[in-house]
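This report covers the sheet, the two ligand sites and the salt bridges of one model. The text is meant to be read alongside the coordinates.

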Amino acid sequence: MADALKIGIAGLGTVGASLAKILVERRDMLETTCGRPIEIVAVTARSKGRDRGVDLSAAEWFDDPVALAREAKIDVFVELMGGAGDPALAAVKAALSRGVHVVTANKALLAAHGVELAGIAEKHGSLLNYEAAVAGGIPVIKALRESLTGNTISRVYGIMNGTCNYILTKMEKEGLSFEACLKEAQRLGYAEADPAFDIEGNDTAHKLSILTTLAFGTRISADDIYLEGITNISIDDIRAAADLGYRIKLLGVAQKTDTGVEQRVHPTMVPLDSVIAQVDGVTNAVAIESDILGELLMVGPGAGGNATASAVLGDIADIAKSRPGAQTVPALGRPAAALAPYKRAQIRKHHGGYFIRLSVEDRTGVFASIARHMAENGISLESIVQRAQSTAESTDPKTIILVTHATMEDSVRKAVASIKSEGYLVGEPQVIRIERPKTA
Ligand SMILES: NC(=O)C1=CN([C@@H]2O[C@H](COP(=O)(O)OP(=O)(O)OC[C@H]3O[C@@H](n4cnc5c(N)ncnc54)[C@H](O)[C@@H]3O)[C@@H](O)[C@H]2O)C=CC1
Ligand SMILES: N[C@@H](CC=O)C(=O)O
């Protein structure tokens, strides 16, 4: 039997505590599978005394994660603290620089420093594994980094944030408020330490930026992502979408266009009969469209202690099974120096369908005016519906919902701006992009 693989875990929260429990409870099974035991020899977290449901008294306690990464006698540093800056950044750099492998679930860190960290890993012959950083338990990193090598990928998109999908599903199916659903997602351990990262779309953007790099071989560029979260989505939007045969999902989409790579995160209408529309709750889904394989759709648990720990464990087991000096896969699918510069496509050039919900004053001629502005901007309509018919006496605002055929975003923005300038809108218009899966 080979020597034990010695690991240090920084962060014993939702994911770290789940991982530690699994490693302790399945020690024998993992030893058989990996051909060597996996031992937790060092740990750190903010609070030493907290009960985590697992006995870690045999592991050396460190108050400082960077000291653990620098000094502990470990083969693998498992970073489960979160955050794009220190101490996660300093600790991961320290570990990689001394040839210690790193396993992390920290997409914020990778989105901000992934290329630099991949370079340090290459220089020191250490591995940087991060399967849990995107879509929880779904093995999408391995799929893109290894299994699809040789394919030319045209689009990667999906539901990559369990918290948002949980909120949207609960709002639609149980009629609960946004705030109540978010609280429940936090209680279940799905949300980020600061849940604004979930609901404002940043977490999806971090994950998308990593997938874009793996799919298109470009440097990570999270700051170039067009971003809208779900805080503006109302139950009225969700119901209107359902009436028209769509469901609203927060999608991250990366695709190649004539002007560059388009990366966007926003609430999106997907056809009700598509597979992705049926992906509910904390479940995530990632679709990859490529030329040799065609469409690959991966669906599975996207957040939570066990789902995430499962992916972290897979990364640790890969290291346990590998032999010193064996060929390693570059962290970002190709050597960091071979990544191409990222060229951003303009969102105003995005081409697709749009859902537009307008609340308008109940006046004669408004409907015709809206239709005219659409036509003047060359926008062809799939449907235009007037809701909440007012009575002859009522002057309550009316709702008008338009669904466009595929058109240029620039035209939609111009049409909506000229409609706004007419002065008959009540409140802000709601504009939601429509995404059509290729096959599923
Ligand atoms: N919770 C989830 O479903 C998922 C989480 N992730 C990622 O996994 C990582 C961990 O997430 P959670 O376990 O949910 O977070 P958490 O907030 O439950 O736990 C964080 C742990 O790190 C420790 N920590 C934080 N700052 C520290 C510091 N300066 N020094 C020492 N310890 C420190 C905390 O004490 C705590 O034990 C994050 O990067 C998160 O984005 C990834 C996929 C899913
Ligand atoms: N907060 C994230 C956790 C997993 O990445 C989510 O809700 O998906």
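Two strands pair if DSSP finds at least two bridges between them. The model is predicted, and the statements below concern that model.

**The parallel sheet**

Under this pairing rule, 6 strands make up an open sheet with parallel pairing. Their order is S3-S2-S1-S4-S5-S6. Strand S3 (60–61) and strand S6 (128–129) are the edge strands; each has a single partner strand, so one side of each is left without a neighbour in the sheet.

The connection between S2 and S3 consists of 2 bridges, and these strands run parallel. Within it, Ala42 has Glu60 in S3 as its bridge partner. On the pairing with S1 there are 6 bridges, joining strand S1 (residues 5–10) to strand S2 (residues 38–44), again in parallel. Leu5 is matched with Ile38 in S2, and Lys6 stands opposite Glu39 in S2. As for cover, 6 of the 7 residues of S2 are buried. In a regular strand the side chains alternate between the two faces of the sheet.

**Ligand 1**

Around ligand 1 there are 21 residues, of which Leu12, Val15, Arg46, Glu192 and Gly304 come nearest. By class this shell holds 10 nonpolar, 8 polar and 3 charged residues.

Several polar contacts to ligand 1 come from the protein backbone. A backbone N or O atom of Leu12 is placed 2.9 Å from an oxygen atom of the ligand. For Gly13, the distance from a backbone N or O atom to a ligand 1 oxygen is 3.1 Å. A polar backbone atom of Val15 is 2.9 Å from an oxygen atom of ligand 1. Taken alone, ligand 1 exposes 830 Å², and the protein buries 85% of that.

**Ligand 2**

What surrounds ligand 2? The shell has 13 residues, and the closest are Lys107, Thr163, Tyr190, Asp198 and Lys207. These residues divide into 4 nonpolar, 4 polar and 5 charged. Helices H7 and H10 (202–216) each supply at least two residues of the shell.

Side chains provide the contacts described here for ligand 2. A polar side-chain atom of Thr163 lies 2.6 Å from an oxygen atom of the ligand. A nitrogen atom of ligand 2 is 2.7 Å from a side-chain N or O atom of Glu192, a residue also listed among those nearest to ligand 1. Asp198 likewise places a polar side-chain atom 2.7 Å from a nitrogen atom of ligand 2. On its own, ligand 2 exposes 250 Å², of which the protein buries 94%.

**Salt bridges**

Side chains of opposite charge can pair when their charged atoms come close. With a cut-off of 4 Å between a side-chain nitrogen of Lys or Arg and a carboxyl oxygen of Asp or Glu, the count comes to 28 salt bridges. The table lists some of them.

| Salt bridge | N to O distance |
|---|---|
| Lys142 and Asp318 | 2.7 Å |
| Asp280 and Lys173 | 2.4 Å |
| Asp410 and Lys414 | 3.0 Å |

The side chains of Lys142 and Asp318 meet at 2.7 Å, N to O. Lys142 belongs to helix H6 (residues 140–147) and Asp318 to helix H12 (residues 305–321), so this pair ties together parts that are 176 residues apart in sequence. Buried or exposed, how does Lys142 count? Lys142 is partly exposed, because its relative accessibility is 31%. Asp318, at 30% relative accessibility, is also partly exposed.

In the salt bridge of Asp280 with Lys173, the closest N and O atoms are 2.4 Å apart. This pair links distant parts of the chain, 107 residues apart: Asp280 sits in the loop between strand S10 (260–271) and strand S11 (283–290), while Lys173 is in helix H7 (residues 162–174). Asp280 has a relative accessibility of 25% and therefore counts as partly exposed. Lys173 is partly exposed as well, at 48%.

Asp410 and Lys414 both lie in helix H14 (residues 409–421), 4 residues apart, about one turn of the helix. Lys414 is partly exposed, with a relative accessible area of 45%.

Salt bridges also join into a network, which links Arg155, Glu262, Arg264, Glu289 and Glu435.

Note on methods:
Residues are numbered from 1 along each chain as its sequence is written. Chains are lettered from A and ligands numbered from 1 in the order in which they are written. This is a predicted model: local features need pLDDT of at least 70, side-chain atom pairs count only at pLDDT 80 or more; totals for chains, interfaces and linings use all residues. Side-chain values use heavy atoms; hydrogens and water are left out. A residue is near a molecule or strand if one of its heavy atoms lies within 4 Å of it. A polar contact is a pair of N or O atoms within 3.5 Å; within protein, one must be able to donate a hydrogen and the other to accept it, and residues adjacent in sequence count only if both atoms are side-chain atoms. Accessible areas come from the Shrake-Rupley method with a 1.4 Å probe; for residues, only the protein chains shown count as cover. Ala, Val, Leu, Ile, Met, Phe, Trp, Tyr, Cys and Pro count as nonpolar, Asp, Glu, Lys and Arg as charged, and the others, Gly among them, as polar. Buried means under 20% relative accessible area, exposed over 50%, partly exposed in between (1.4 Å probe, protein chains only).
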